[in-house]
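Please open the model in your viewer and keep a selection tool at hand. The stops below move from one helix to its surroundings.

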Amino acid sequence: MRYCKNCGIRILDEAEICPMCSSVLSKVDLDDWPDTFKDPYPDVMKKRKHFSLVMRLVTFLVLAACMFSIFANYNFSPSFPWSLIVSLASVYLLWIVFLIYREAGYLTKIFAIVLGGVALVVVIDLTTGARGWSWNYVLPGAMLFVDLAFLILMLINSRNWQGYMILQILMILVALVPLVLILKGIVTHPIVSELAILSALLLFLGTLILGGRTARTELQRRFRI
């Protein structure tokens, strides 16, 4: 029998992930389960109300920060659009708060936060003179970080390692971005980008080959082939 420490409910089938909060389930002996214990369900509406209040508050603060920065930029230093950086950074903060409270897997949150951070850094690079450090180093560096995070989490959560394959395919698609930038000559120091592309390919191929039939079955199930 499985047990969710986050929700406090028991799962009678062989599921590995809690259907309510997506947390990894713990295994518990049925003999150790108190007979008088009743499975409490989490107060979903209370959580949603709290989420809604936090999001409204953060959204108001973000809009206020954007408006004040644009006002100050226009009146005191119109020659440099620093309010664009402040506004995008504030929106990125709102994005992080939304992802933290959203009921989604932690891998999806990591990927979305890193992707948003890279986009913010690229805009900062373009705004401050387009020196190229964002697409030469930050973008491929972030890809290497995500691949490493996938590998570590696969080792930790070895019971559900096949669930990471779709995100690995997504990382291969993301790797097309630095590849195109290299071919177009935009990336002037391609070594980090090449390592990021190689890392994405090796991680997926390693999972597919070492995973054997289980990995192939997962791909067939996901893509219905």
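Start by selecting α5 (165-174), whose buried residues are Met165, Leu167, Gln168, Met171 and Val174; helices here are DSSP runs of H or I with at least four residues, strands are runs of E with at least two, and both are numbered from the N terminus. Buried means under 20% relative accessible area, exposed means over 50%, and partly exposed lies in between, with a 1.4 Å probe and protein chains only. These residues lie on the same side of α5, because they cover an arc of only 165 degrees around the axis, where the arc is that of the directions from the helix axis to the C-beta atoms.

Before going further, note that this is a predicted model, in which local features need pLDDT of at least 70 and side-chain atom pairs count only at pLDDT 80 or more, while totals for chains, interfaces and linings use all residues. Residues are numbered from 1 along each chain as its sequence is written, and side-chain values use heavy atoms, with hydrogens and water left out.

Now show what covers the buried residues of α5, which includes α3, α4, α6 (176-183) and α7 (191-223); contact means heavy atoms within 4.5 Å.

Select α3 next, residues 106-127, a helix of 22 residues that reaches 32 Å from its first C-alpha to its last, close to the 32 Å expected at 1.5 Å a residue; the expected span is 1.5 Å times one less than the number of residues. Its buried residues include Leu107, Phe111, Val114 and Asp125, and the buried residues of α3 pack against α2 (82-101), α4 (133-156) and α5. Just beyond the helix, look at Gly129, whose phi is positive, near 125 degrees.

Within α3, centre the view on Phe111, which counts as buried because its relative accessibility is 14%. Which residues does Phe111 contact, leaving aside its neighbours within four places in sequence? They are Val146, Leu170, Met171 and Val174. From Val146, with residues up to four places away in sequence not counted, the contacts are Phe111, Val114 and Met171.

Widen the selection to the largest nonpolar core, which has 23 residues, and among them Leu107, Met143, Val146, Phe150 and Met171 touch the most other members. Such a core is a set of buried Ala, Val, Leu, Ile, Met, Phe, Trp, Tyr and Cys residues joined through side-chain atoms within 4.5 Å. Two or more residues each come from α3, α4, α5 and α7, and α4 gives the most, with eight residues. A second, separate core of seven residues includes Val54, Cys66, Leu94 and Val97, and both Leu94 and Val97 are among the buried residues of α2.

Return to α4 and pick Ser134, which is buried, with a relative accessible area of 1%. Its side chain makes a polar contact (2.7 Å) with the side chain of Asp125; a polar contact is a pair of N or O atoms within 3.5 Å, and within protein one must be able to donate a hydrogen and the other to accept it, while residues adjacent in sequence count only if both atoms are side-chain atoms.

Finish at the open sheet, where three strands run in the order β2-β1-β3 with antiparallel pairing; two strands pair if DSSP finds at least two bridges between them. Strands β2 (9-11) and β3 (26-27) stand at the edges, each with a single partner strand, so one side of each is left without a neighbour in the sheet. To see one pairing, select Tyr3, which stands opposite Ser26 in β3.
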